[in-house]
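Q: Could you take me on a close look at a single part of this model? I'd like to see what surrounds one residue and how the neighbouring parts are packed and paired.

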Amino acid sequence: MMARKVKVSASALNVRLHPHSPEIYMQWMQSIYSKRLIAQVHGDRHGMISSLDRSGAASNVITGAITTFVKFDGDGNWFNSEHMAEATDEDISEINIPHNLFPNAAAFYFYFDVQEHKIYFQTYSKGKVLTAGSALRFFNGLSVRSEVANEFGEAKITIVQDKSSLESMFAIKRIKEINIKILKPNTDIFDDNFESNIEKHLESTGSREFSVSYKSEGNGSIKPDDDIKKISKVALENGTVEVVGRDERGAVRLNSENFPKELHDRYDPEQQSERSAFFGLIPARRNAGQ
């Protein structure tokens with residue numbers, strides 16, 4: 001009888017530090033790990049980088065794990081479910097949880113391509129989920145900590161979004177607005193004149209992002225041309241695209257951040273480890289034949 005195959009999935013974040021180099025991104029992640037920093041994931045769930053492997057550094061890769069857990073406010077009010085009332089001081093005096101222990105932990109592998117400055121992270125593990133939005137909140141929370149920001153500056157981080165989302169977003173019946181935001185890019189993002197023009201413009205004006213908005217004439221509809229599509233594709237990895245309009249059901253507001261790039265597969269746990277199955281999803285590894 002064949003073993004039941006298990007789901008493995010991943011999404012990605014694009015991290016930008018200025019000035020950037022593979023070494024800077026390695027140092028940034030190493031600093032976060034060595035300082036054992038904790039940041040919010042969602043609600044009372046927090047997380048930290050719990051392991052880091054630099055054995056692939058020569059190939060511009062570092063890997064590790066994100067462990068998430070519940071971090072609650074021990075100074076808040078407690079509830080006694082047996083007495084159906086707020087816990088008394090006597091009840092609370094019996095609670096003794098060491099400050100370094102957190103319940104309901106879950107671990108997710110990550111793969112950081114420091115050349116492409118992309119963090120691929122596991123989104124599903126043993127029934128636990130780490131969404132793209134939660135991963136973005138987590139790494140943003142780490143990047144703004146003074147221990148990190150004072151050394152590296154505040155990283156600009158965005159969700160790598162699904163390119164096919166543009167097709168569905170631009171297919172709505174009537175497009176009233178298209179709002180495109182591009183965060184200050186690294187020089188390896190653009191090509192031709194678009195690269196030099198946008199990069200120089202942001203540098204010379206001391207700006208960190210570039211936004212462009214299209215609004216339809218009267219009751220008409222915007223027709224996305226090749227230029228709009230080109231800028232929008234760049235924004236999928238370096239910003240966001242928002243489309244506002246109407247379809248058969250009424251008003252529509254779509255944002256590309258709600259369509260993260262997702263990688264999926266299934267593996268046989270008797271033949272392959274979860275870690276190996278996750279790494280098998282990463283495009284850079286597949287393209288290199290690893």
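A: Happy to: what follows starts at Ser 143 and then moves outward to the cores and the strands. Please keep in mind that this is a predicted model.

Ser 143 sits in helix α3, which spans residues 132-143. Its relative accessibility is 0%, so Ser 143 counts as buried, the cut-off being under 20%. A polar atom of the Ser 143 side chain lies 2.9 Å from the backbone oxygen of Asn 140. Beyond its neighbours within four places in sequence, Ser 143 is in contact with Trp 28, Val 148, Ala 149, Gly 153, Glu 154, Ala 155 and Ile 157.

Trp 28 is a good way into the wider packing. The largest nonpolar core has 34 residues, and Trp 28, Met 29, Phe 110, Phe 112 and Phe 139 are the ones that touch the most other members. Helix α3 gives the most to this core, with 6 residues. Leaving out residues up to four places away in sequence, Met 29 touches Ile 49, Leu 52, Ile 62, Phe 110, Phe 112, Ile 119 and Phe 139. Another core, of 18 residues, lies apart from it, and includes Val 212, Val 234, Ala 235 and Leu 236.

Now for the strands. β12 (residues 174-183) pairs with β13 (residues 209-215) in the antiparallel sense over 7 bridges, with Lys 181 having Ser 211 in β13 as its bridge partner. β12 also runs antiparallel to β14 (residues 239-247), joined to it by 8 bridges. There, Gly 239 of β14 is the bridge partner of Ile 182.

How values were computed: Residues numbered from 1 in each chain as written. Predicted model: local features only at pLDDT ≥ 70, side-chain atom pairs only at ≥ 80, totals over all residues. Heavy atoms only, no water. Pairing = 2+ DSSP bridges. Helix = DSSP H or I, 4+ residues; strand = E, 2+ residues; numbered from the N terminus. Buried < 20%, exposed > 50% of the residue type's maximum accessible area, 1.4 Å probe, protein only. Polar contact = N/O pair within 3.5 Å; in protein donor to acceptor, adjacent residues only side chain to side chain. Contact = heavy atoms within 4.5 Å. Core = buried A, V, L, I, M, F, W, Y, C linked by side-chain atoms within 4.5 Å.
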